Amino acid sequence: MHNNFLYVNGDRFIEFIDKEKIQNRIKELALEISKDYKNSVPIFIGVLNGAFIFMADLLKNITIEAEVDFFKLSSYGDSKISSGQVKMIKDLNCNPNGRDIIIVEDIVDTGLSIKYIEELFQHYNPKSMKVVTLLLKPESLKYEVKIDYIGFKIPSQFVIGYGLDYQQKYRNLPSIYILSNDGVN
Ligand code: IMP
């Protein structure tokens, strides 16, 4: 029985992926990535703000040499629904030219952000580019995108916590909570 509810502006969220499960899955992902890049020094590039916690926990478990950078896109504003537009609002510091790039995302929903990122990075001429996302909503995908490492596939419902926000809040929750107004459990 779940009794770990959170009420936000009249919406009910329920704990969906607890912190141990998140950490265990991240260890598995980090092991797999470390093996795949054992002959390289990749640059992990986090998409702000959502990916900052996942990026930190992932990198703590990476066992090869690696570099880190971040950039920031804006797409959702303060809404729960995608506006369908993406803007770059903080640029990279690193030079991806000729490097192995690993894009680190918190969640892939419609795929619009990843599509935009794929096109953007083509101009930087990286040696390779892969994408790791903690969460993927397969039924929400509207764009054809290739996601190389996936933490968890989840239903098309709004989630918060572990870096993911609702109106910029709740990123600090160590577990992931799902909107449960429509009767999840
Ligand atoms: P996409 O471009 O539609 O794939 O959405 C990607 C971005 O939307 C993510 O990086 C998040 O910032 C945001 N997003 C998508 N779904 C959720 C959610 O359920 N909770 C919080 N943010 C979300």
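Helices H1 (residues 19–36) and H2 (residues 52–60) have axes that come within 8 Å and cross at roughly 60°, and the two helices are therefore oblique to each other. Oblique covers angles that are not under 35 degrees (roughly parallel), over 145 (roughly antiparallel) or 65 to 115 (roughly perpendicular). The model is predicted: local features need pLDDT of at least 70, side-chain atom pairs count only at pLDDT 80 or more, and totals for chains, interfaces and linings use all residues. Residues are numbered from 1 along each chain as its sequence is written, and side-chain values use heavy atoms, without hydrogens and water.

**Contact of H1 with H2**
- Gln-23, Ile-26, Leu-29, Ala-30 and Ile-33 of H1 meet Phe-54, Asp-57 and Leu-58 of H2, where contact means heavy atoms within 4.5 Å.

**Helix H3**
- In H3 (residues 112–122), the buried residues (under 20% relative accessible area, 1.4 Å probe, protein chains only) are Leu-112, Ser-113, Ile-114, Ile-117, Leu-120 and Phe-121.
- Their cover includes strands E3 (43–48), E4 (67–74), E5 (87–90), E6 (100–108) and E7 (128–136).

**Aromatic residues**
- The structure holds four aromatic pairs, defined by ring centres within 6.5 Å, with planes under 30 degrees apart counted as stacked, over 60 as edge-to-face and the rest as tilted.
- Phe-121 and Tyr-124 form an edge-to-face pair, 5.1 Å centre to centre with 70° between the planes.
- Phe-121 is buried at 1% relative accessibility, whereas Tyr-124 is partly exposed (between the buried limit and the exposed limit of over 50%) with a relative accessible area of 24%.
- Phe-71, Phe-121 and Tyr-124 form one aromatic cluster.

Note on methods
Helices (H or I, at least four residues) and strands (E, at least two) are DSSP runs, numbered from the N terminus. Axes are lines fitted to C-alpha atoms, for helices over the stretch in contact, and angles run from 0 to 180 degrees between N-to-C directions. Rings of Phe, Tyr and Trp (its six-membered ring) pair if their centres lie within 6.5 Å; planes under 30 degrees apart count as stacked, over 60 as edge-to-face and the rest as tilted.
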